[in-house]
Amino acid sequence: MSQALATRYPLVLVPGMLGFVRLVLYPYWFGIVAALRRGGATVFPVQVSPVHGNEVRGEQLLRIIDDLRRRTGADKVHLLGHSQGALTARYAAARRPEWVASVTSIAGPNHGSELADYLDKHYPGDSARGRLLKLVLHGLARLMGWLETGWRGAGLPIDVHASHQSLTFEGVALFNQRYPQGLPLTWGGQGRPRSTGCATTRGRAPCSRASPTAGATASMAATASAACSRAPSCVNRASATAWSGGSARTWAR
């Protein structure tokens, strides 16, 4: 077996809102886990509350990391978070930095979600439409929990309001004030901040770029993971366009 993608520490894949490990027969990280394992990486796709706030999901992730550390004997793990999973991973890294070797943000709403703000404006929680949307999302999360076949454990709490508020621009701004670790400080586009771009932070080297094969999801994940394997500790970030052939940018401590 190839060891080209083997990393010093295990890779932990954290899903986003309404995420799962495997829904009946369909895996959330389609093709990525197999590709990384073929390259020699130790990979653990995990499950946290599909709909909840960043801090609650982050505490769940910390318990999972602690369990994986005991099971594998590894001191640290690399965290790869997709969408809200990026904020979940950043929370874990902020709370227990000694457990986390790196954080990779894949299309993470690190400066807030336009969709969350749109829903906040057009479907306020105290309106009939807002209550209906909350009911639908709660029911969908429950249904997906019943159909989950890739993760076994106690039932996970669901809080649609907490999830929604934690993803608005205002909610993420508060989160970033509390947990600035791994935060990209620049973004693409116009208007309010978006979660694209890369930033250098104090004590870290300037960003370097790696260009993945266009449209290759597994290659994107492999590129980010391989970059981490070459540095003892790093914070990686894949841009919001990474899965469609955008650029991945990496910086290391």
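**Exercise 1. Work out which unit β5, α3 and β6 make, and how the two strands pair.**

Solution.

Step 1. Keep in mind that you're looking at a predicted model. Follow the chain through strand β5 (residues 77-82), then helix α3 (residues 84-95), then strand β6 (residues 100-106). Together, β5, α3 and β6 form a β-α-β unit, and its hand is right-handed.

Step 2. Now look at the two strands side by side. β5 and β6 pair in the parallel sense, with six bridges between them.

Step 3. Pin the pairing down with residues. V77 sits opposite V100 in β6, and H78 has S102 of β6 opposite.

Step 4. Try a distance as well. L80 is in strand β5, and its C-alpha atom is 6.2 Å from that of S105, although the two positions lie 25 residues apart along the chain count.

**Exercise 2. Find the other partner of β5 listed here, β1, and decide whether β5 is enclosed or open.**

Solution.

Step 1. Go to β1 (11-14). β1 and β5 run parallel and are joined by four bridges.

Step 2. Pick a residue to anchor the pair: V14 stands opposite G81 in β5.

Step 3. Check burial, using under 20% relative accessible area as the cut-off for buried. L80 comes in at 3% relative accessibility, so L80 counts as buried.

Step 4. Extend that to the strand. Five of the six residues of β5 are buried, so β5 is largely enclosed by the rest of the structure.

Step 5. Do the same for β6: seven of its seven residues are buried, so this strand is mostly covered too.

Step 6. Put that beside the whole protein, where buried residues make up 50% of the 253 residues.

**Exercise 3. Describe how helix α2 packs on helix α3.**

Solution.

Step 1. Start with the geometry. Helix α2 (residues 54-72) meets α3 at an angle of about 65°, and the axes are 8 Å apart. The crossing of α2 past α3 is right-handed.

Step 2. List who does the touching. On the α2 side, the residues are N54, E55, R57, G58, E59, L61, L62 and I65. On the α3 side, they are Q84, G85, L87, T88, A89, Y91, A92 and R95.

Step 3. Sort them by class. The contact has seven nonpolar, five polar and four charged residues.

Step 4. Add a loop residue that reaches both helices. H52 lies in the loop between β4 (43-45) and α2, and R57 and Q84 are among the residues H52 touches beyond four places in sequence. Its other contacts of this kind are P157, I158, D159, A162, S163 and S166.

Step 5. Is H52 buried or exposed? Its relative accessibility is 11%, so H52 counts as buried.

**Exercise 4. Locate two residues that have a positive phi although they aren't glycine.**

Solution.

Step 1. Recall the background: most residues other than glycine have a negative phi.

Step 2. Look at L18, in the loop between β1 and β2 (22-23). Its phi is positive, about 60°.

Step 3. Move on to A107, in the loop between β6 and α4 (114-122). A107 also has a positive phi, about 55°.

Step 4. Check how much of A107 is accessible. The relative accessible area is 25%, so A107 is partly exposed.

**Exercise 5. Place L183 relative to the rest of the fold.**

Solution.

Step 1. Find the loop: L183 lies between α7 (169-178) and β7 (208-210).

Step 2. Check burial. With a relative accessible area of 10%, L183 is buried.

Step 3. See what L183 contacts, skipping neighbours within four places in sequence: R90, N110, H111 and N176.

Step 4. Go back to S105. The C-alpha atoms of L183 and S105 are 9.3 Å from each other, with the two residues 78 apart along the chain.

Step 5. Zoom out to the whole protein, with its eight helices and nine strands. Of the contacts between residues at least 6 apart in sequence, 73% join residues at least 24 apart.

Methods. Residues are numbered from 1 along each chain as its sequence is written. This is a predicted model: local features need pLDDT of at least 70, side-chain atom pairs count only at pLDDT 80 or more; totals for chains, interfaces and linings use all residues. Side-chain values use heavy atoms; hydrogens and water are left out. Axes are lines fitted to C-alpha atoms, for helices over the stretch in contact, and angles run from 0 to 180 degrees between N-to-C directions. A crossing is left-handed if the near helix is turned anticlockwise from the far one by less than a right angle, and right-handed if clockwise. Contact means heavy atoms within 4.5 Å. Ala, Val, Leu, Ile, Met, Phe, Trp, Tyr, Cys and Pro count as nonpolar, Asp, Glu, Lys and Arg as charged, and the others, Gly among them, as polar. Buried means under 20% relative accessible area, exposed over 50%, partly exposed in between (1.4 Å probe, protein chains only). Two strands pair if DSSP finds at least two bridges between them. A crossover is right-handed if, with the strands pointing away from the viewer, the path from the first strand over the helix to the second runs clockwise.
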